[in-house]
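Open the model in your viewer and keep the selection tool handy. We will go from one stop to the next, picking something to select each time.

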Amino acid sequence: NSGGGKITFGIILTLWFASGGMNSMMSTLNGAYSVREGRSYVKVRLIALALTVAVSFLVLSALGIVLAGGFVAEMVGLRFHMAAITVWVWRAMQWPVALLFMVMSFSLIYYFGPDLHEQRWYFITPGSLFGVLVWLAASFAFRGYLHFFNTYSRTYGSLGAVMILLVWFYVTGLAFLIGGEINAQVEHAAAERGHPEAKAEGQKAA
């Protein structure tokens, strides 16, 4: 019976706190490159909010594809009397699509997150590749836990699912940060070897 105003307020408040987490991730990426934040507070919060919305959509879509994609494919197949074909196509496509969403998430954060100038868009970097592998390992472990040890709801009730999801988000965030550190070290090493487009430690522009 709640009005639309409460729902809107809840969504705005959730995005604000979630963008605070993204803001912390941006600060950590600045630390990985040893640069100080020079953008205004408003600009940083707007970037953090935009990244939160975009990355949340991509990550949750990837999670939904991995965890519930097969069930949805079976339902659609039964609805249109193409169960075998639909499930086969989905099994062949679910992981490439999920990986595409995750790689896009990593690329967005690494491009817009740190306060660096003369940034170049790279769809795949050493850090994003390693981070996606960490995300894959965590997702497989998460899926295996749900399949074989799905007893947390009896112990924690409805909060169990939230706790597991928060742990998965924590691991996902850790994968982003580790990948960012790897990218920073690779770029610093390239700058020391004289690469013209690479930035040395503490430099915002090449």
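Start by selecting S34. In this predicted model, S34 counts as partly exposed, because its relative accessibility of 34% falls between the 20% limit for buried and the 50% limit for exposed. Zoom out a little and you will find S34 in the loop between helix 1 (4-33) and helix 2. Now check the backbone: what is the phi of S34? The angle is positive, about 60 degrees, although S34 is not a glycine. That is worth a pause, because most residues other than glycine have a negative phi.

**Next stop: V59**

Move on to helix 2, which spans residues 41-79, and select V59 there. Is V59 buried or exposed? V59 is buried: its relative accessible area is 5%, and buried means under 20%.

To see what surrounds V59, leave aside the neighbours within four places in sequence and show the contacts that remain. You should find M102, S105, W168, F169 and T172. Then add F106 to the selection and draw a distance between C-alpha atoms: V59 and F106 are separated by 9.9 Å, with their positions 47 residues apart along the chain.

**Next stop: a nonpolar patch**

Switch to a surface view and select L100, M104, F112, W121, F123, I124, L129 and L133. Together these residues make a nonpolar surface patch of about 760 Å². Which helices each supply at least two residues of the patch? They are helix 3 (83-112) and helix 4 (126-148). Helix 3 gives the largest share, with three residues.

Click on L100, a residue of helix 3. L100 is partly exposed, since its relative accessible area is 45%, between the limits of 20% and 50%.

**Last stop: the whole chain**

Clear the selection and return to a cartoon view of the protein chain. How many helices and strands are there? The count is six helices and zero strands, so a walk along the sequence reads α-α-α-α-α-α.

If you colour by accessibility, 35% of the 206 residues count as buried. In the surface view, the chain exposes about 12,600 Å², and carbon and sulfur atoms supply 70% of that area. Finally, turn to the contacts between residues at least 6 apart in sequence: 73% of them join residues at least 24 apart. With the contacts of V59 still in mind, you can go back to M102 or W168, two of the residues listed there.

Conventions:
Residues are numbered from 1 along each chain as its sequence is written. This is a predicted model: local features need pLDDT of at least 70, side-chain atom pairs count only at pLDDT 80 or more; totals for chains, interfaces and linings use all residues. Side-chain values use heavy atoms; hydrogens and water are left out. Patches are made of residues with over 30% relative accessible area and no salt bridge: like charges are joined within 9 Å, nonpolar side chains (Val, Leu, Ile, Met, Phe, Trp, Tyr) within 5 Å. Accessible areas come from the Shrake-Rupley method with a 1.4 Å probe; for residues, only the protein chains shown count as cover. A salt bridge is a side-chain nitrogen of Lys or Arg within 4 Å of a carboxyl oxygen of Asp or Glu. Helices (H or I, at least four residues) and strands (E, at least two) are DSSP runs, numbered from the N terminus. Buried means under 20% relative accessible area, exposed over 50%, partly exposed in between (1.4 Å probe, protein chains only). Contact means heavy atoms within 4.5 Å.
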